[in-house]
Amino acid sequence: MRRLVQCRPGQPEVGLETVTEPRPGPGHTLIRVEAVGLNRADVLYMQMAERPWRIGIDCAGTVIETDPASDALPVGARVLTHLPGGGAAAEILAVDTPKLVRLPDSVSSVVGAALPLAGLVARRLVRTAGDLRGLRVLITGASGGVGFRWCSWRAKKARKKWLPSCAPASHASICAPPARISA
Ligand SMILES: NC(=O)c1ccc[n+]([C@@H]2O[C@H](COP(=O)([O-])OP(=O)(O)OC[C@H]3O[C@@H](n4cnc5c(N)ncnc54)[C@H](OP(=O)(O)O)[C@@H]3O)[C@@H](O)[C@H]2O)c1
């Protein structure tokens, strides 16, 4: 199978590497990757890492071999995962089963692969911000990957009290009802 790797540490070139298909060990589920999210963190790791960075922190795909110890994710289940150590940009992955999240049918793999890191950052911001009831909140970067999700979650509670800041072309989508992916 093929995977996407940085050619040399610190350099921007990437290439396809052919390696043996992984075999799932105990506690692993084998997935066929359908979409990979490229994050700013990939670029930072490519600049910083001492070894070539294995690209991809977020991906979505389909289960092709189940974890013998778990029947939670059958063959054919659509899943996403977040792999902080990289390596998600591969055709086949053996993933720790608890690190897989089921993807609803309403969310495509492409959308799913864009969710984990930005979504986790937005989630942390929601928690860190705490109870904002009664306050007026200015959200910079509201149309971005993090800001959009933050608005989607917050909008449910305080639609009239937050002021999203973004380009006029993006404003309508931010002010629309929360996206289904945040439900
Ligand atoms: N995405 C992640 O996983 C992640 C993880 C950790 C930290 N972060 C940090 O979170 C922040 C947002 O990341 P993101 O992924 O959401 O970025 P993004 O998707 O690129 O969105 C950038 C946002 O910033 C706005 N923006 C750009 N230039 C601006 C300017 N000069 N003045 C005002 N607004 C401007 C854009 O608004 P318009 O284009 O609509 O005008 C857009 O809403 C960044 O600082 C990033 O480093 C992101």
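Me: Of the contacts in the protein with a separation of 6 or more, what share comes from residues 24 or more positions apart?

Reply: This is a predicted model, in which local features need pLDDT of at least 70, side-chain atom pairs count only at pLDDT 80 or more, and totals for chains, interfaces and linings use all residues. Residues are numbered from 1 along each chain as its sequence is written. A contact is a pair of residues whose C-beta atoms, placed from the backbone, lie within 7 Å. Among contacts with a separation of 6 or more, residues 24 or more positions apart account for 69%.

Me: Which pattern do the helices and strands follow along the sequence?

Reply: Helices (H or I, at least four residues) and strands (E, at least two) are DSSP runs, numbered from the N terminus. The protein has 5 helices and 9 strands. Read along the sequence, they give β-β-β-α-β-β-β-β-α-α-β-α-β-α.

Me: What is the order of the strands in the open sheet of 5 strands?

Reply: Strands count as paired if DSSP finds at least two bridges between them. β3 (residues 28-37) is joined to β6 by 5 bridges, with I31 and L93 as partners. On β4 (residues 58-65), T62 has R78 of β5 as its bridge partner, and T81 of β5 stands opposite L100 in β7. The pairing in the sheet is antiparallel, and the order is β6-β3-β4-β5-β7.

Me: Why is one side of β6 and of β7 left without a neighbour in the sheet?

Reply: Strands of a sheet pair through backbone hydrogen bonds, either parallel or antiparallel. β7 (residues 100-102) pairs with β5 over 3 bridges. One side of β6 (92-96) and of β7 is free because both stand at the edges, each with a single partner strand.

Me: What angle does the direction of helix α3 make with that of β5?

Reply: Axes are lines fitted to C-alpha atoms, for helices over the stretch in contact, and angles run from 0 to 180 degrees between N-to-C directions. Neighbouring strands of the sheet are turned by 45° against each other on average, direction ignored. Helix α3 (residues 116-129) packs on the sheet and touches β3, β4 and β5; with the direction of β5, its own makes about 65°.

Me: Which residues of α3 are buried?

Reply: A residue is buried if 20 or more other C-beta atoms lie within 10 Å of its own, exposed if 12 or fewer, and partly exposed in between, with C-beta atoms placed from the backbone. By this count, buried residues make up 32% of the 183 residues in the protein. In α3 the buried residues are P116, L117, A118, G119 and A122.

Me: With which residues is G145 in contact, leaving aside its neighbours within four places in sequence?

Reply: G145 belongs to helix α4. It has 18 other C-beta atoms within 10 Å, so it is partly exposed. The C-alpha atoms of G145 and A122 are separated by 8.6 Å, at 23 residues apart along the chain. Apart from neighbours within four places in sequence, the contacts of G145 are A114 and A118.

Me: Which of the 16 residues around the ligand come nearest?

Reply: A residue is near a molecule or strand if its C-beta atom, placed from the backbone, lies within 6 Å of it. Both α3 and α4 (145-158) supply at least two residues of the shell around the ligand. Of the 16 residues, those that come nearest are G141, S143, G144, C166 and A167.

Note on methods: Two residues are in contact if their C-beta atoms, placed from the backbone, lie within 7 Å.
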